[in-house]
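Colleague: I would like to know how the labels on this model were reached. Please set each value against its cut-off.

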Amino acid sequence: MNLSAAEQRILDGEEGEGARKALELVVALGKIYGAEDLVPITSAHLSGVSYKTIGDGGIVYLEHVSQGAKVRVPSTLNPSGMDSVRWREMGVSEEFAAKQLHIIDLYGSMGVETSCSCTPYLAGNLPRKGDHVAWAESSALSMVNSMVGARTNREGGPGALAAAIVGRTANYGLHLKENRSPTVVVEADIDGSLFSHSLLGQAVGSRIGNGIPYFRGIRPDWEEAKIMAAAMAASGAVAMFHVEDHTPESSEHSTEGLEVINIGDEELKDAHESLSVVEDVELIAFGCPHLSMREVREMAYYLEGKVKKSDVKVWFCTSRQVRDALPKEVATLERFGTVLADTCMVVTPVEGLYERSASDSAKACNYLPTLCSQKVRCDSFQTLMEVVM
Amino acid sequence: MIINGRAIASGRAEAEVLVLNEDFSFLGGVDTATGELRVGEGNISGRMFAFRRGKGSTVGSYTIFDLKTKNLAPAGIINATAETIVTTGAVIADIPLVDGIDIDALRSGDRAIIDGDSGTLELPDLELREVVSGIVRRGDDILLLRRSDEESHFPRMWGGASGLMEAGEGPEDAASRELLEETQIDARPTLIGRSFLIRGDGIIWKVHPVLFEADDEPTLNWEHCDYRWVSPADSAGMDTVPRLNEVLVRLGL
């Protein structure tokens, strides 16, 4: 691999052992994928935050790495295993909470912003078109690749952290324009609701795996795009998509000769049935990915004046920034459930609390059965809220 | 003998090989209190752990680091193909990693030395023998030769024109020489396929697939007793030398 003089200096240990080790990891990962050089990044987003997913091995690693390293670019964290403030209300144990707070402190000591969200692009970490970044979190990296035109591969937790520490990542895959072309055209015929975008993502991801779809027939806003991107990354491994006449790079590539797949009512119905296996649930969770400010406002508007009549638990998961910014709307939602920040239903220890849960997010409904041993129901916000009213 | 692979994670390690000829997930695949494998047999601690490719949860990277802090990690890792999870774990835990190695050629118990900076695997107790396997194509058919009873290796089996490479000889020259000796066909190769390894007792054979295009009928010497022009697909039903199919695949046949 071709390294610049500055990179070689880091690799020679002249900027400390932490930076040397981080660069070694960035270079090793680049070698696997045939990268010829490294590219400077403008931001990083790190996964590997929840104690539930990284375990004690992860803590030992972070304790080690945080001794001698600081991040060089603005870096944000993915959701953790609990609300940093309201974890007792969630039923999280003292032991879990202590370890979780320790993990977040370790990231904080390296200079990482410690509010934990899967929508950092809505909370201050928004790259610009053409920026190279190193992002983990499959839905967020798909959003910045697609809706912004920034460039990132699907980074893993330690790789993204290493990239943040040295301010560089390996230049291969989606960092190169030639790898950002669509691989399949999707003619979408959906009703345009938020939930139909969730199911569209599920249907497309399960069909195309790690391809790059080029959509016709939709014009998703950020909320619709994020639930669709999340679903495509969970049911497949989609890291980028284009929407005709809508996303910033859609006009830069040809779709000539690409396979065309049609997704309509029938495909959405199949996707819905494949995800939704139970009727009665104990927990209903929204906010996968985290609810935006607009979503919280719209939910509050919808719920204003209505009354909850069931003891089914409801979680509204969002970022700390949104929860702090909208106290009045949050108070309305709190009459129906708990507004949680810094966490979500997938990375928190739900399995110890409930057995049957529901969400409007196809991503959540993909992971709740495997990561949280849940039997799942997948339906729209309105349909699920009618259950409790 | 020395095999050239690809340098992934730096450092040098010498240890006894433990082979798991499949894809492997560190999360769930190994008991982190003992280093004992949960899939397959053996303990990876201090061994040269050879498996095809990493798979499974990304938490596997931390599992490798965790094993290292408990002194239960492998001394080195050999992969057919490195991927993100194991590479990450190897780098953060300072475990040398070399990939691009045919795991099939290794046996548990082999003594091995890997160098994660040059990408080499040294097997000091094994001898390397480089052989050529020459296939002549005529239209859609290929020429297969039946080895005579006098041959010490694989008598009566069908194969290409083959033999040991001599000192200083490349696969092109060796294959042309063997072809001329064994069939009287005088030709130069049109394609050299990627080589692969076959394991024997105390020996590893490095096989170089070589393709010729020729119309001539062969004139056999003592090494063979029969020949046939067959389609590559038909060769699958014949009693062939080991991994002849691999030779054909690597020549695009």
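Modeller: A start can be made at A:S373, in the loop of chain A that runs between α14 (362-372) and β14. The model is predicted.

Colleague: What makes A:S373 count as exposed?

Modeller: A residue is exposed if 12 or fewer other C-beta atoms lie within 10 Å of its own. A:S373 has 12 such neighbours, so A:S373 counts as exposed.

Colleague: What is noted about phi of A:S373?

Modeller: Phi of A:S373 is near 50 degrees, which is positive, and the residue is not glycine. Most residues other than glycine have a negative phi.

Colleague: Why is B:R243 called partly exposed?

Modeller: The partly exposed class lies between 12 or fewer neighbours, which is exposed, and 20 or more, which is buried. B:R243 has 17 C-beta neighbours inside 10 Å and therefore counts as partly exposed. B:R243 is in the chain B loop between α5 (232-235) and α6 (244-250), and its phi, near 60 degrees, is also a positive value in a residue other than glycine.

Colleague: How do you know that α8(A) and α9(A) are roughly parallel?

Modeller: Angles under 35 degrees count as roughly parallel. Helix α8 (residues 194-208) and helix α9 (residues 222-235) of chain A pack at about 25 degrees, with their axes 7 Å apart. The two helices are therefore roughly parallel to each other. The crossing of α8(A) past α9(A) is right-handed. Residues of α8(A) in this packing include A:L194, A:H197 and A:L200, and those of α9(A) include A:I227, A:M228 and A:M232.

Colleague: What makes β12 and β14 of chain A edge strands?

Modeller: The open sheet in chain A has five strands in the order β12-β11-β10-β13-β14, with parallel pairing. β12 (338-341) and β14 (375-378) each have a single partner strand, so one side of each has no neighbour in the sheet. On average, neighbouring strands of this sheet are turned by 25 degrees against each other, direction ignored.

Colleague: How do you know that β10 and β11 of chain A pair?

Modeller: Pairing needs at least two bridges. Strand β10 (residues 283-291) and strand β11 (residues 313-318) of chain A have five, in the parallel sense. At one of the bridges, A:A285 is partnered by A:W315 in β11(A).

Colleague: Which peptide bond is cis, and what is its omega?

Modeller: The bond from A:C288 to A:P289 is cis, with omega near -5 degrees. A:P289 is in strand β10 of chain A. Most peptide bonds are trans.

Conventions: Residues are numbered from 1 along each chain as its sequence is written. Chains are lettered from A and ligands numbered from 1 in the order in which they are written. This is a predicted model: local features need pLDDT of at least 70, side-chain atom pairs count only at pLDDT 80 or more; totals for chains, interfaces and linings use all residues. Helices (H or I, at least four residues) and strands (E, at least two) are DSSP runs, numbered from the N terminus. Axes are lines fitted to C-alpha atoms, for helices over the stretch in contact, and angles run from 0 to 180 degrees between N-to-C directions. Angles under 35 degrees count as roughly parallel, over 145 as roughly antiparallel, 65 to 115 as roughly perpendicular and the rest as oblique. A crossing is left-handed if the near helix is turned anticlockwise from the far one by less than a right angle, and right-handed if clockwise. Two residues are in contact if their C-beta atoms, placed from the backbone, lie within 7 Å.
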